[in-house]
Amino acid sequence: MSIGIEHFLTVGALVFCLGLGIALSKRNAIGVLMGVELMLNAVNLTLITFSRFATSERPIAGHTFVVFIITVAAAEAAVALALAVSVYRNRETVDVDQFNLLRS
Amino acid sequence: MDGGGIVFAFYVLAAVTLISAAGVLVSRDLLHAVLFLILTFVGVAGLFVLLSADFIAMAQVIIYVGAIAVLILFAVLLTPRAGRNNGETKFALPGILLAVCLAAVFLFVIHDVAWTTNDEAPVLGADQLGEALLTTWVLPFEIASVLLTAALVGAIMLARTPQEEAEDALA
């Protein structure tokens, strides 16, 4: 009984799909953002898994990619939460099915 | 990777990660969902350690558990009258269905492909990561710093009140 690449990839795929389900189904905008963060984290796990198990000339490339994804995820979270606070100030709600100002 | 301790650690960490990720989906209270999200991040950090990516695991704990989770908690607490309900929209069923179908495709592909792997882990430390970031990928590294500055300025501009803007204009 040994742990191989399939085990880690399975965990990454399941976390990604849970994040996708959360992002598509939650009513609260902050809940949607949590789903997006879960998806990004699952992708990081998959990249590190391939970096560990694949034969490559430069295995550090996977780690570098993950560092950039963490940077972009942090920037995205900051801007998205500022947007949520800004919307709350104007509409008193952060439910995504109440954002219908543009509907005629 | 077939030591007894590694197998045990993998299954414990995978269970923590998956159960708390499912907890984010099913919990009714938004604050409980944030706490489950923090537990998921910790579990993924443990899996990074298991994959001998110690620097990435540390960055995960500092940035995700330390910064992003606190940011989400702040956003929850700054929207007090919006309700703590973590319910679903009326389009939840197609979304969940899509996620389940995607999971089935992923699992089929992962278990059908004959992966060729090397068993000994490549030695990857923080020193090699720093060298790669400042030689091969120095241009993306600089672009990432510009992106962080832009996100910082944008977040401040979005989040401040009209009252504060008027005070700044007078000063």
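In this predicted model, Leu81(A) reaches across to the other chain. Beyond its neighbours within four places in sequence, Leu81(A) is in contact with Leu71(B), Ile72(B) and Ala75(B). Leu33(A) completes this set of contacts.

Leu81(A) also belongs to the largest nonpolar core, which has 68 residues. Leu81(A) is among the residues with the most contacts inside that core. Chain A adds Val15(A), Ile30(A), Met34(A) and Ala84(A) to that group, and chain B adds Leu47(B) and Ile72(B). Ile72(B) thus appears twice: among these core residues and as a contact of Leu81(A). Helices of both chains build the core. At least two residues come from each of α1 (5-25), α2 (29-53) and α3 (60-91) of chain A. The same holds for α1 (4-26), α2 (30-50) and α3 (54-78) of chain B. The most is given by α3(A), with 14 residues.

The contact between the chains involves 65 residues of chain A and 74 residues of chain B. On the side of chain A that touches chain B, α1, α2 and α3 of chain A each give two or more residues. Here too α3(A) gives the most, with 22 residues. By character, the residues on this side of chain A divide into 41 nonpolar, 16 polar and eight charged.

Ala74(A) offers a second view of α3 of chain A, the helix in which it lies. With 20 other C-beta atoms within 10 Å, Ala74(A) counts as buried, because the cut-off for a buried residue is 20 or more. Leaving aside neighbours within four places in sequence, Ala74(A) is in contact with Ile63(B), Ala67(B) and Ile68(B). Further along chain A lies Asp95(A), 21 residues from Ala74(A). The C-alpha atoms of Ala74(A) and Asp95(A) are separated by 22 Å.

In chain B, the length of α2(B) can be checked against expectation. This helix has 21 residues. At 1.5 Å a residue it should span 30 Å, and its end C-alpha atoms are 31 Å apart, so the two values agree. Just after α2(B), Ser52(B) takes a positive phi of about 50 degrees.

Chain B is also divided into domains. Domain 1 covers 1-98 and domain 2 covers 124-171. Taken over C-alpha atoms, the centres of domain 1 and domain 2 of chain B are separated by 25 Å.

Key
Residues are numbered from 1 along each chain as its sequence is written. Chains are lettered from A and ligands numbered from 1 in the order in which they are written. This is a predicted model: local features need pLDDT of at least 70, side-chain atom pairs count only at pLDDT 80 or more; totals for chains, interfaces and linings use all residues. Domain bounds come from an automatic or database domain assignment. A nonpolar core is a set of buried Ala, Val, Leu, Ile, Met, Phe, Trp, Tyr and Cys residues joined through C-beta atoms within 7 Å. A residue is buried if 20 or more other C-beta atoms lie within 10 Å of its own, exposed if 12 or fewer, and partly exposed in between; C-beta atoms are placed from the backbone. Helices (H or I, at least four residues) and strands (E, at least two) are DSSP runs, numbered from the N terminus. Two residues are in contact if their C-beta atoms, placed from the backbone, lie within 7 Å. The expected span of a helix is 1.5 Å times one less than its number of residues. Ala, Val, Leu, Ile, Met, Phe, Trp, Tyr, Cys and Pro count as nonpolar, Asp, Glu, Lys and Arg as charged, and the others, Gly among them, as polar.
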